[in-house]
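Please find below some comments on the structure, set out as numbered points. They concern internal cavities, surface character and a few selected residues.

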Amino acid sequence: ILILATAVVQAAVGYNTVLFPVSLEAYGFNKFLIGLCLAFEMGAVISIINCIDWILGKFGLVGTFALATGVRLVVLLLLAKTQNLPLWCMGVFFFGICTYMCLISLQTWVNALSVGRFRGLVSGCYSSALSLGTASGPILFNTFGSAGGGKAFQGNMIIVIVALLVIVPLLTQQPRFLSQGRLRIGYAIRMAKVPMLSSFVGGVTFFGLPAFLTLYGMMNGLSVQRASLLLTAFMLGSVSLGLLISSFSNRSNRTFVTILCVLVGVLCAVFLPLGIYNYVIALCLLFVWGGAAGGIYATGLSAVAELFRKEDQVSANVAYSILDNVGGIIAVLSIGFLMSSGISDGIVYVIVATALCYFIYCLAQLINTEHMA
């Protein structure tokens, strides 16, 4: 039920990856301003890190989820009635805060479960739920929101309500949450540098690519319906291949698995500008790329769950999410700037550059470890 709820929460986000940029472009904003607006959704996570522990302790996991759902509904209702960019930025910001509150509640709940040797599989299922929800978003948009206008936003409001209804059977089974008083973000990052950095790399792909993939497809001659399904292919790859990779990581070195996934992502990024001209090849390429990206997220999440004690899980999860979203902010702003400057393949340049930096860091860590030995 928790994994299903995660998928539905993320379905609203996937729906918005088409609805928000397409709506903003229709209002006449350039791609840099679109990227700037979308970056507010990721920046929201950083703004709430000092409060999330208090909120979870005050309202509980279910209460936090319900509060966030109400605010998400209000935001969608307001965005449907305005074309003002500052109001859009504010609305996207609060939608991002509430989405994060929903997801951190579910992620904390999942990590609190005792699953023993199935931790990798459970983390993979959670990661796949995020991807499956995002993958379903463009399909739901084509079903309910392609007509545009207020109906497009109403369709997403229904998804947001359904996410809350899904967890109703678990109201009496939520674990007790005790506030730590202060999150140890710096400690969590220092204790798990490599998996935390992999979260940053994954965030660059998971936020940067979906934010502009529909527009990128439209720039290369695809209709909005066909371009939106590029994201679906990416996320379906994350659902299926990402789950297999996460399960495999239980029997292998997680750092090696993460590096291999990053390498596959780089290859897919390099070939995307060529593959985009053949729709089937583009879908297959993005499917494989999604599997690699899902493997990065799930493998890192498994490592974090194993490295920290139960009382440090919230700090670790928040730190992991912060770096994920920081990567997304940098990616969205960088890609939007490059595309507005006439560099249509800005997606490729940003993702490849980030991956190369990650490779260099991991190699430096390996050399230092061998030198100390």
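1. The second largest cavity is lined by Val201, Val204, Thr205, Val262, Gly265, Val266, Trp289, Ala293, Ile296, Ile351, Thr354 and Ala355. Here a cavity is a set of points, on a 1 Å grid over the protein atoms alone, where a 1.4 Å probe fits but cannot get out, and lining residues have an atom within 4 Å of a point. Two or more lining residues come from each of H7, helix H9 (254-275), helix H10 (279-307) and helix H12 (346-372). Helices are DSSP runs (H or I, at least four residues), numbered from the N terminus.

2. The model is predicted: local features need pLDDT of at least 70 and side-chain atom pairs count only at pLDDT 80 or more, whereas totals for chains, interfaces and linings use all residues. Residues are numbered from 1 along each chain as its sequence is written, and side-chain values use heavy atoms, with hydrogens and water left out.

3. The space in the second largest cavity is about 90 Å³. Volumes refer to the space filled by probe spheres set on the grid points, which are joined across faces, edges and corners. Its lining has 9 nonpolar, 3 polar and no charged residues. In this classification Ala, Val, Leu, Ile, Met, Phe, Trp, Tyr, Cys and Pro are nonpolar, Asp, Glu, Lys and Arg are charged, and the others, Gly among them, are polar.

4. How many cavities of 30 Å³ or more are there by this rule? The count is 2. The largest cavity has a volume of about 590 Å³. It is lined by 31 residues, of which Gln10, Val13, Phe207, Asp324 and Asn325 are the closest to its centre.

5. The lining of the largest cavity comprises 18 nonpolar, 11 polar and 2 charged residues. At least two of its lining residues are supplied by each of helix H1 (2-26), helix H2 (31-79), helix H3 (85-112), helix H4 (119-145), helix H7 (193-219) and helix H11 (313-340).

6. On the surface, Phe256, Leu260, Leu263, Leu267, Val270, Phe271 and Leu274 make a nonpolar patch of about 690 Å². Such a patch joins nonpolar side chains (Val, Leu, Ile, Met, Phe, Trp, Tyr) within 5 Å, from residues with over 30% relative accessible area and no salt bridge. Accessible areas come from the Shrake-Rupley method with a 1.4 Å probe, and for residues only the protein chains shown count as cover. Within the patch, Phe271 belongs to helix H9. Phe271 has a relative accessible area of 46% and is therefore partly exposed (buried means under 20%, exposed over 50%, partly exposed in between, with a 1.4 Å probe and protein chains only).

7. Which residues form the salt bridge? Lys31 pairs with Glu25, their closest N and O atoms being 3.4 Å apart; the criterion is a side-chain nitrogen of Lys or Arg within 4 Å of a carboxyl oxygen of Asp or Glu. The structure holds 1 salt bridge. Lys31 counts as buried because its relative accessibility is 15%, whereas Glu25, with a relative accessible area of 31%, is partly exposed.

8. Two residues of helix H7 merit a remark. Gly203 lies in this helix and counts as buried, at 0% relative accessibility. Gly203 and Leu323 are 120 residues apart in sequence, yet 7.4 Å apart C-alpha to C-alpha. Ala211 is also found in helix H7 and is buried, with a relative accessible area of 8%. The C-alpha atoms of Ala211 and Leu231 are 9.4 Å apart, with these positions 20 residues apart in sequence terms.

9. Asn317 is in helix H11 and is buried, since its relative accessible area is 0%. Its C-alpha atom is 8.3 Å from that of Ala305, 12 residues away along the chain.

Conventions:
On a 1 Å grid over the protein atoms alone, a cavity is a set of points where a 1.4 Å probe fits but cannot get out, and a pocket is an open set with protein on both sides within 12 Å along at least five of seven lines; lining residues have an atom within 4 Å of a point. Patches are made of residues with over 30% relative accessible area and no salt bridge: like charges are joined within 9 Å, nonpolar side chains (Val, Leu, Ile, Met, Phe, Trp, Tyr) within 5 Å.
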